[in-house]
Protein chains: 2
Amino acid sequence: MNEFKPVRFVDVALEGQFWRERLETVLTRTIPSQHVQLGKHGILESLTLPNPPPPLRFPRNEHNFTVQVFWDSDVGKWIEAASYALSHRRDADIEARIEKIVDDLEKAQAPDGYLNCWYLQREPDKRWTNLRDNHELYNLGHLLEGGIAYFLATGRRRLLDILERYVDHVRKTFGPNPGQKRGYCGHQEIELALIKLYRLTGERKHLDLAAYFINERGRQPHYFDHEAVARGESPRDFWAKSYEYNQSHRPVREQTKVVGHAVRAMYMFSAMADLAAELNDDSLKQACEVLWADVMTSKIYITSGLGPAAANEGFTEDYDLPNDTAYAETCASVALIFWAQRMLHLDLDGRYADVMEQALFNGALTGLSRDGEHYFYSNPLDSDGRHSRWAWHTCPCCTMNSSRLIASVGGYFVSASEDAIAFHLYGGISTNVRLANGNVFLRETSAYPWSGSIRIEISADAPAEFTVNLRIPGWARGASATVNGEPVDVGSGTSNGYLSISRLWSAGDTITLELPMPPERIYAHPSVKEDVGRVALKRGPLVYCVEEVDNPGGRVQQLKLPRDASIETESRGDLFDGVVTLTAPAQRVEDQGWGDSLYRSTPPAASESKLTALPYYLWNNRQKGSMQVWLLES
Amino acid sequence: MNEFKPVRFVDVALEGQFWRERLETVLTRTIPSQHVQLGKHGILESLTLPNPPPPLRFPRNEHNFTVQVFWDSDVGKWIEAASYALSHRRDADIEARIEKIVDDLEKAQAPDGYLNCWYLQREPDKRWTNLRDNHELYNLGHLLEGGIAYFLATGRRRLLDILERYVDHVRKTFGPNPGQKRGYCGHQEIELALIKLYRLTGERKHLDLAAYFINERGRQPHYFDHEAVARGESPRDFWAKSYEYNQSHRPVREQTKVVGHAVRAMYMFSAMADLAAELNDDSLKQACEVLWADVMTSKIYITSGLGPAAANEGFTEDYDLPNDTAYAETCASVALIFWAQRMLHLDLDGRYADVMEQALFNGALTGLSRDGEHYFYSNPLDSDGRHSRWAWHTCPCCTMNSSRLIASVGGYFVSASEDAIAFHLYGGISTNVRLANGNVFLRETSAYPWSGSIRIEISADAPAEFTVNLRIPGWARGASATVNGEPVDVGSGTSNGYLSISRLWSAGDTITLELPMPPERIYAHPSVKEDVGRVALKRGPLVYCVEEVDNPGGRVQQLKLPRDASIETESRGDLFDGVVTLTAPAQRVEDQGWGDSLYRSTPPAASESKLTALPYYLWNNRQKGSMQVWLLES
């Protein structure tokens, strides 16, 4: 294992066109429109505790549950996303809207610090009675992440103060001591927020509370049993049938298979990796590694989608990866980015960065439309044309997970230790990094992900010795590099997916890295029954799909790609803000001339045709139509 | 169009081994075990109106709905199935159990004739307030079908009397006159029962009431709107979103596309076809023909499954026929048999008989296990091995639809007019048919569906002229026939799928019919995206599948059938009660040696292998495992 410990990810300025466009869209379209939607759907109003409360917008289901109990979290995530945007460019209007929310939260907060608007407004005597289902700590977690981001972007700490009072209340309420509830949240999230709060404040008590929640989870006697009985319910009547749903079926260190709700799982694993790093806890790290291997060997879509099933929004069996019914919630891919980054924080291992990149380009980006105001909640890899983006969603969790991830994407490119820097992603960034022996200015220039030609300029205050680690993606075969024009031996210099260059760096030093990006055919493990006989196309980090708008003449599922067909790249400046498409000769199974019958004993005719493939993340931005990632191979 | 009007289907004695085995299983295993299940699940108890009522077994869902409102129908369907069994062989124990139910119903009936145990017990003041959702008339329909069958089997008419009183109450309550409710049931069924009652009693009022319900359906102002408002609800809050769900979105004669819940649709079309025949109503007949064409050209699985979607238990878009998520409820295939038989009653057209046979062998039969005590509710055409039969179901509708269909299957083989007889199904039967010019005894002998060699002996009381119509199935190419050893020209003698032989028949006359049954490859319309590049295997009326137990070494989805592979038949006396399997050389995509990675750029290896296919209706009777109908073709 490479000894580099990228103890901190550093902020970067996004300069490349690819990410500038997404950032600009999020700043100017997504954040404002999301605020409008939060208002339109009653979510902002719910913070003001109207008395009497308005009727439920979303009736309770048979589990006596309404999605409205999440609403605080939506507000928190919007503040977080907006604050990341503000860190790029301040905006008085957005800040005023946040201040209004802070006013409301300040008024809503109970004297003892408790602050959950659903309970305060509708069920004030029932707080902390249903941690399993009702998301109180989850909501706090998202508000807290919002409060931290807002403080970092603006220096204003009123929201943070409110939430720290609430955290103090939570710390008194939960724990192993007499008089405390030995509970934890049914939806993991508070742990991540508390670790961020610890990193911000340096106060150990926040880390300890996060560790308590993780360590307590799944212990016997089971808290959710206890809590159900206290509500007068039988624990056996849990609507999700099993505590696997929320990963509390056993203590976290004893979990070896990824089960249950995908977003919950990813948030928990992210917190476990964080705690492993902060507490130097090898047992947590090992648990993360085992769970990582389980996901990667049998449970992840090629697009990084996680959780095939709508029923539990989560995991099922090994190799169960249906394409047209894939749930693959956008939030789960965003959360996978969190987890991968934290694993990378533990070990500089390109496997983690590969997955982080894969989830970023093919998962998180897919969730947000080009116009910045439409969303995918689920992400099938095959559609007959009925699947399309939403302007909003009953449960709008994915909308703000997309915006907060994209607005903060700069935080995933580069990390640094005392004497080393690591590049994980490319795409045009600049940053200042403080190393033990001085400040270093770095500028990475590329047209990534469209091109693998990368140039890095390095300017140190004074010549200094340090190491630059450059990720050589797992998909890049035959990478080459130079320093100031002199070739570097990539083969011998690379371990665990990173090319390490250690030298005395002087102002004006330049690294070039060439990552070949030929179109690639990808096959799935034969146990993935839906993908047998099929092939997917990739180029660089991007998974491609065929979409009907580019392939008119019937459903795209009627196309077959011959195994020996040559796949060409085409730069299409006219599409979106410029993309590289893939084209190949293909066969089209013809429905013309088939006739009226649905079945017959004569095979359909096939004609010579051509297919055009587009990066998956761009699909359904022009018109509705069929789409497919896994093509029949002939 | 053939002029033959098979005005009546006649009862036959089942003599062939294929149906004798199923009948015996239903008589000795299914009917008794279903009664045990009805008891175990509280369904029988619910007839006794315990006071106070026990807690709900199935909590209300978010639509304030529990499946317990159907329970009367389950009892009715069991009585019907049991009565068909009694018509084969009386059984004092079963009859005593039915009598106990009749005692309970007699006690439960309100003085005004109303008899719905759910409402009488739990919501006595709410009867007839939610026809849209709560199945009151549907329940009566099934009880009435049960009462008619019980009367026909035993001559006992107490149950029928009870239900006729209830029908009288319904007739007073519903109709277009002042003081009446202009309603109809959200789940069609009562119409079929009333038409049966009319045929039994000859009383026109029952036919009129059935016609009223069909004619009223979908008229504006919409009854379900009116009824929702009366309950204090907004009609726009209908949980199913659209009245397409229950086919009341427009008047039945204006419906041209099949939409909504599949069983509801099939029951309604069956009633429409019945009314078209009884009332000589061409507009209803034409509506049926248009709807029939819509189903057959774009909405039916090769197995006869109907309704791809679980969400509405019903229809979606044209060509939307996913295999692994196919809902294809067993009840819908049973109900398709009802509809097809009634279309055949309107016109002697082999297309209807073909579908009836297809649904019988590949749909209805599939629903019941070999042991007679396990059921499929949904019928996917592809499984990774997780799908398997239930011992019972929360909503046990399919269990008794299977048993009542199989116990009455003899009613689908032969129909007769004044001077003609038509054979629709084969498989070993005998029957007496009364024609205008005398009684005819017919015995059909065959090992159908395993063999297409059919022999029909005819004995008339005295030599008589009449026509024998023999169905030449749509799948049978090159059929040949003889009468008393003399060849008959099948080509010129056949129209609309029936070979007509008119002559003076004498005792001892013998027809032979030879229906060649080579294994067939079947292809789906290329717009069925899931089946592109795939092939299904059929032989005679049977659709085949590959099941893991016969094809060990990985998932059956890893098998590919070369287009030019020779498919052989094999008679397997050792399997079940003797079946014909299909075998062919195949390729197997190998997972051995693939390694740990889920995706890679090298295609998997394929090895020469062999596949064995079994009739689809027999799958999941030995052990759990993967199964597939549509095989990849190489």
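**View 1. Domains 1 and 2 of chain A sit with their C-alpha centres 21 Å apart.** This is a predicted model, and the close-up stays inside one chain. The domain assignment splits chain A into four: domain 1 (7-40 + 247-411), domain 2 (69-127 + 135-239), domain 3 (414-514) and domain 4 (520-633). Here we look at where the first two of those meet, with 38 residues from domain 1 of chain A and 38 residues from domain 2 of chain A taking part in the contact.

**View 2. About 3400 Å² is buried between domain 1 and domain 2 of chain A.** Carbon and sulfur atoms carry 64% of that area. If you want three residues to look for on the domain 1 side, pick S248(A), R264(A) and R404(A): together they supply 19% of what domain 1 of chain A buries against domain 2 of chain A, more than any other three residues.

**View 3. R404(A) reaches E80(A) in a salt bridge.** The N to O distance between these two side chains is 2.7 Å. Five salt bridges are counted between domain 1 and domain 2 of chain A. R404(A) also turns up in the trio that supplies 19% of the area domain 1 of chain A buries against domain 2 of chain A. As for polar contacts, the two domains of chain A share 12 residue pairs (both at pLDDT 80 or more).

**View 4. Helices on the domain 1 side: α1 (17-40), α11 (262-279) and α15 (397-407) of chain A each give two or more residues to the face that touches domain 2 of chain A.** Which element gives the largest share of that face? It's α11(A), with 11 residues. Sorted by class, this side of domain 1 of chain A has 20 nonpolar, 10 polar and eight charged residues.

**View 5. Zooming out to the pair: a rotation of 180 degrees, with 0.0 Å of shift along its axis, lays chain B on chain A.** The RMSD of that superposition is 0.0 Å. In other words, this is the relation of a two-fold axis. To find the axis from the chain B side, head for E62(B), whose C-alpha is the nearest to it in that chain, at 2.4 Å.

**View 6. The copies meet through the same surface, since 100% of the interface residues of chain B are also interface residues in chain A.** The contact joins 58 residues of chain B to 58 residues of chain A. Chain B and chain A bury about 4400 Å² between them, and 59% of it is on carbon and sulfur atoms. On the chain B side, K529(B), L598(B) and Y599(B) supply 18% of the area buried against chain A, more than any other three residues.

**View 7. R386(B) crosses to chain A to form a salt bridge with D320(A).** Their closest N and O atoms are 2.7 Å apart. Six salt bridges are found across the interface of chain B and chain A, along with 18 residue pairs in polar contact (both at pLDDT 80 or more).

**View 8. The chain B face that touches chain A draws at least two residues from each of α12 (282-298), β3 (382-383), β15 (520-524) and β21 (599-600) of chain B.** The largest share, five residues, comes from β15(B). Residue classes on this side of chain B come out as 21 nonpolar, 15 polar and 22 charged.

Key: Residues are numbered from 1 along each chain as its sequence is written. Chains are lettered from A and ligands numbered from 1 in the order in which they are written. This is a predicted model: local features need pLDDT of at least 70, side-chain atom pairs count only at pLDDT 80 or more; totals for chains, interfaces and linings use all residues. Side-chain values use heavy atoms; hydrogens and water are left out. Copies are superposed by least squares on the C-alpha atoms of residues with pLDDT of at least 70 in both. Contact means heavy atoms within 4.5 Å. Domain bounds come from an automatic or database domain assignment. Buried area is the accessible area (1.4 Å probe) that two parts lose on being put together, summed over both. A salt bridge is a side-chain nitrogen of Lys or Arg within 4 Å of a carboxyl oxygen of Asp or Glu. A polar contact is a pair of N or O atoms within 3.5 Å; within protein, one must be able to donate a hydrogen and the other to accept it, and residues adjacent in sequence count only if both atoms are side-chain atoms. Helices (H or I, at least four residues) and strands (E, at least two) are DSSP runs, numbered from the N terminus. Ala, Val, Leu, Ile, Met, Phe, Trp, Tyr, Cys and Pro count as nonpolar, Asp, Glu, Lys and Arg as charged, and the others, Gly among them, as polar.
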